[in-house]
Amino acid sequence: MTVKRGRVRLFRMVEDGRTVTTAIAGPETIFGETKTLGLRMNGAWAEAMGPGMLCLMSDADVRGLLLSDPRIAARVVEQLGQRLADCEQRLTDMVCKNVTERTAGTLCTLAGPAGEGGRPVSVKLTHEQLARLTGTTRERTTKALGDLAGQGLIRLRRGSVLVLDPDGLRRARG
């Protein structure tokens, strides 16, 4: 599958019901069961993070697309390499950073380029969704959000977080 619009959270569920986010797939990202690229879901799940559109492609479609233009194949390889680097960074963050730092980092990622340049940007998600993205509980996420709001970096709204100081939030991610 390819994400055309929106974002999709890719995650795994452990025996006790907790989830571990392995990737956030945004526009033009390929994910799912694609043997041609060596992608396997293997017990992973995908969850839309809001409205969006997906494009379903068969293995034959993917193979034909890759063989039709080497630039497309190179772009897919770059994308898969970036996903691997992102997954390694997420693993490092889970082990080495506290909840507030992980929350700040996740908000920076979700704010994306719109948050560059220091202007406020709204990130639409609930405390529960953010907790799942950062690998912690809703209660600990709410405390972390309160800490960030107390520093004047964000403002909490119903169903969203307004990033007031993107540069400060980047510094808070550790």
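Me: Where does methionine 1 sit relative to strand 1?
Reply: Methionine 1 is in the segment before strand 1 (2–5). Bear in mind that this is a predicted model.

Me: And is methionine 1 exposed, partly exposed or buried?
Reply: Partly exposed, because its relative accessibility is 33%, and the partly exposed class lies between 20% and 50%.

Me: Which residues form a nonpolar patch on the surface?
Reply: Met1, Leu54 and Leu56 do, and together they have about 300 Å² of accessible area.

Me: Switching to the sheets. What's the strand order in the open one with three strands?
Reply: The order is 3-2-4, with antiparallel pairing. Strand 3 (19–25) and strand 4 (44–48) are the edges, each pairing on one side only. From one strand to the next, the twist averages 30°.

Me: How many bridges join strand 2 to strand 4?
Reply: Five, with strand 2 covering residues 8–13. Arginine 12 has alanine 44 of strand 4 as its bridge partner.

Me: What does helix 2 lie across?
Reply: Helix 2 (residues 70–96) lies across strand 2 and strand 3, and runs at about 145° to strand 3.

Me: OK, strand 8. Which residues are buried on each side?
Reply: Ser160 and Leu162 are buried on one side, Val161 and Val163 on the other, so both faces of the strand (residues 160–163) are covered.

Me: What stands opposite valine 123 in strand 8?
Reply: Valine 161 does. Strand 6 (residues 121–124) pairs with strand 8 over four bridges, antiparallel.

Me: And how many residues lie between strand 7 and strand 8 in their hairpin?
Reply: Two, and glycine 159 in the turn has a positive phi of about 75°. Across the pair, arginine 155 stands opposite leucine 162.

Notes
Residues numbered from 1 in each chain as written. Predicted model: local features only at pLDDT ≥ 70, side-chain atom pairs only at ≥ 80, totals over all residues. Heavy atoms only, no water. Patch = residues over 30% accessible without salt bridge, like charges linked within 9 Å, V, L, I, M, F, W, Y side chains within 5 Å. Areas by Shrake-Rupley, 256 points an atom, 1.4 Å probe, with all protein chains shown as cover. Salt bridge = Lys/Arg side-chain N within 4 Å of Asp/Glu carboxyl O. Buried < 20%, exposed > 50% of the residue type's maximum accessible area, 1.4 Å probe, protein only. Pairing = 2+ DSSP bridges. Axes fitted to C-alpha atoms, helices over the stretch in contact; angles between N-to-C directions. Contact = heavy atoms within 4.5 Å.
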